[in-house]
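Reader: Could you walk me through this structure with me asking as we go? I would like to start with the contacts and then look at a single residue.

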2 protein chains.
Amino acid sequence: MQHDKILLAHGGGGILTRELIETIIVPAFGTDPRGLPDAAPVPGTADIMLTTDSFVVKPLFFPGGDIGSLSIHGTVNDLAVSGAKPLAIALSLIIEEGLEVETLRRVVTSAARAARECGVAVVTGDTKVVARREADGLFITTAGVGIRRITTDPRTITPGDAVILSGPIAEHGIAVMSKREGIDFKTQFESDSASVWPLVESLIESGAAVRVMRDPTRGGLAAALMELAADGNITVQLREDAIPIEEGVAAACEMLGLDPLTVANEGKLVVFVSKRDAERTVAVLRTIATGQRAAIIGSVVPAGPVPVTIETRFGSVRAVDMPYGEELPRIC
Amino acid sequence: MQHDKILLAHGGGGILTRELIETIIVPAFGTDPRGLPDAAPVPGTADIMLTTDSFVVKPLFFPGGDIGSLSIHGTVNDLAVSGAKPLAIALSLIIEEGLEVETLRRVVTSAARAARECGVAVVTGDTKVVARREADGLFITTAGVGIRRITTDPRTITPGDAVILSGPIAEHGIAVMSKREGIDFKTQFESDSASVWPLVESLIESGAAVRVMRDPTRGGLAAALMELAADGNITVQLREDAIPIEEGVAAACEMLGLDPLTVANEGKLVVFVSKRDAERTVAVLRTIATGQRAAIIGSVVPAGPVPVTIETRFGSVRAVDMPYGEELPRIC
């Protein structure tokens with residue numbers, strides 16, 4: 001570890017998060033050196049997958065969602081991108097003393113609605129309370145169990161594969177950020193917080209040769225692709241003009257000095273598929289409401305000196321950088 | 001709800017915790033009016049059980065354990081008392097900026113050791129960081145998946161059944177409390193933090209007619225028995241002189257003005273069995289290291305005006321009160 005104390009940036013989903021996991025967490029639990037996967041098979045079962053995420057998003061309510069619905073979507077999505085159909089969720093609350101009971105009621109009602117919409121049952125939970133200034137309002141940790149429908153593995157990524165994205169990027173991060181900072185953009189940005197399971201299910205049913213899937217959350221599309229490039233030992237070539245993004249979101253990112261590739265999404269799917277299945281995969285995703293703007297955003301080439309490159313609108317090619325981690329604290 | 005803001009006591013495992021769950025959590029998730037169980041079956045699977053708990057214990061390290069080992073034992077135990085063999089754990093960290101990396105390393109190393117000792121795999125996790133004074137050092141949420149070996153149900157509790165406890169009470173609560181408050185008792189009290197799965201497994205293998213099991217954690221033996229009495233619609237009659245407790249722990253409780261029946265345990269098992277199997281069950285538990293002081297502590301009678309009564313050493317009978325919730329904050 002470069003640092004002897006934890007920094008906010010260790011939670012940002014970038015370089016420092018990866019360092020923390022690789023030097024402290026993974027050696028302790030003695031698992032795969034690539035780190036603990038977002039969702040993992042449960043030993044002793046045939047096809048059961050388990051995942052967990054803590055949510056510390058600030059503020060608790062933002063356009064397009066709240067910590068309750070986000071905690072359901074995030075966990076459903078970790079299962080979905082592992083190829084598992086989400087079945088059940090456990091939900092644990094850490095509450096700061098003094099939180100309005102009405103706020104808590106709104107959050108759990110929203111979580112319950114999101115769970116119903118996702119077709120998952122919240123079957124168990126826990127509630128802890130700490131004193132004022134020992135937490136910040138409310139933290140939620142969800143764990144999810146699903147049943148594996150397909151197996152994916154970044155090591156099956158092959159040069160020539162297509163990289164497909166289900167829709168426009170950076171919407172969650174900008175929605176939370178503008179609400180938190182009270183920035184008054186002309187547009188009201190909405191989080192894309194949603195389940196990606198309908199997208200994944202349509203892909204599975206299409207029979208396309210899916211190599212691997214990810215939901216590019218904290219750290220954005222950049223972090224997700226950097227990790228897959230490392231795990232698959234390949235290089236990803238992106239084309240900037242192919243990556244869907246709302247004009248207003250792009251402008252907001254520019255104003256805030258953020259690279260939209262590093263800004264969090266909470267309802268998007270990245271899929272690596274064989275070149276042969278690329279067009280068909282886009283067509284399948286576009287039949288789903290949340291995938292109408294699906295597009296091929298790049299392709300896989302043999303591992304080069306840089307894991308992810310992007311061809312800009314102006315025709316130049318640059319390396320995509322892994323976010324360091326401090327750009328957007330408490331975004332999920 | 002009696003209050004419009006959350007109080008520390010809402011997290012104490014007593015009356016206020018139950019009120020919070022029954023009026024806010026359960027109506028939202030539309031499940032069993034008795035509340036969300038500690039571990040619940042996963043719909044769509046044959047025998048998979050899911051549980052979760054958040055740990056906010058203060059201090060992070062205490063005699064007999066730390067937040068890492070406790071987070072494993074607590075989740076293993078919720079599965080075990082539901083009759084499920086623990087298989088896998090997901091572990092999520094919420095870290096306050098500024099935490100020493102070395103502290104984190106000690107905690108996750110301890111969690112990993114506890115998991116190995118319990119025979120469960122930590123298969124996935126998450127890490128979030130919040131700013132100073134937005135958390136208190138470190139919170140851990142664990143979720144566990146197990147496979148059901150037997151079905152238990154408080155509604156099968158029958159008058160005449162025996163109530164059996166696996167060993168002395170109140171040790172976790174007193175160990176944490178004396179460390180936190182810097183109270184210098186003559187004895188160094190140690191938490192009983194441990195897996196109860198070996199006890200449960202021995203019971204299952206004995207074939208005894210187990211009605212229901214609980215691990216009496218937050219809220220102590222009193223809260224566990226009050227809940228079972230309500231859920232089973234029966235009354236429990238305890239005998240004070242039959243309840244194992246270390247002399248020093250009893251003295252410490254008296255000094256601190258605590259009823260040991262309401263003080264948390266983290267490695268004890270309460271079992272309701274048919275009267276016929278009572279002696280044999282005690283004998284079976286005593287073959288396990290953590291069950292050497294197992295004893296029949298009471299019996300079940302038809303529901304009376306008071307859910308749990310205790311016959312004191314002096315021969316008088318009093319009602320056992322449900323703890324209100326504020327006795328011991330952040331005990332687990």
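Author: What follows goes through the chain contact, a helix pair, the domains of one chain and one residue, and please keep in mind that this is a predicted model.

Reader: Okay, how many residues does each chain put into the contact between chain A and chain B?

Author: The contact takes 70 residues from chain A and 70 residues from chain B. On the side of chain A that touches chain B, the elements giving two or more residues include helix 1 (15-29), strand 5 (84-96), helix 3 (101-118) and strand 6 (121-130) of chain A.

Reader: Which element gives the largest share on the chain A side?

Author: That is strand 6 of chain A, which supplies 10 residues. Sorted by class, the side of chain A that touches chain B holds 40 nonpolar, 17 polar and 13 charged residues.

Reader: You listed helix 3 of chain A, so how does it sit against helix 1 of chain B, roughly parallel or roughly antiparallel?

Author: The axes of helix 3 of chain A and helix 1 (residues 15-29) of chain B come within 8 Å and cross at roughly 20°. Because angles under 35 degrees count as roughly parallel, the two helices, helix 3 of chain A and helix 1 of chain B, are roughly parallel to each other. The crossing of helix 3 of chain A past helix 1 of chain B is right-handed.

Reader: And which residues make that contact?

Author: From helix 3 of chain A come Val101(A), Leu104(A), Arg105(A), Val108(A), Thr109(A) and Ala112(A), while helix 1 of chain B brings Ile24(B), Ile25(B), Ala28(B) and Phe29(B). By class, this contact has eight nonpolar, one polar and one charged residues.

Reader: Switching topic, what does the domain assignment give for chain A?

Author: The assignment gives domain 1 (37-148) and domain 2 (154-319) of chain A, with 24 Å between their centres, taken over C-alpha atoms. Their contact takes 17 residues from domain 1 of chain A and 22 residues from domain 2 of chain A. On the domain 1 side, the largest share, eight residues, comes from helix 2 (residues 67-81) of chain A.

Reader: Last one, Arg211(B): buried or exposed?

Author: Arg211(B), which lies in strand 9 (residues 210-214) of chain B, is buried, because 22 other C-beta atoms lie within 10 Å, and 20 or more are enough to count as buried.

Reader: What is Arg211(B) in contact with, beyond its neighbours in sequence?

Author: Leaving aside neighbours within four places in sequence, Arg211(B) is in contact with Thr152(B), Thr156(B), Ile157(B), Asp161(B), Phe272(B) and Val273(B).

Terms used:
Residues numbered from 1 in each chain as written. Chains lettered and ligands numbered in written order. Predicted model: local features only at pLDDT ≥ 70, side-chain atom pairs only at ≥ 80, totals over all residues. Helix = DSSP H or I, 4+ residues; strand = E, 2+ residues; numbered from the N terminus. Buried ≥ 20, exposed ≤ 12 C-beta atoms within 10 Å, placed from the backbone. Contact = placed C-beta atoms within 7 Å. Domains from an automatic or database assignment. Nonpolar A, V, L, I, M, F, W, Y, C, P; charged D, E, K, R; others polar. Axes fitted to C-alpha atoms, helices over the stretch in contact; angles between N-to-C directions. Parallel < 35°, antiparallel > 145°, perpendicular 65-115°, else oblique. Left-handed = near helix turned anticlockwise from the far one by under 90°.
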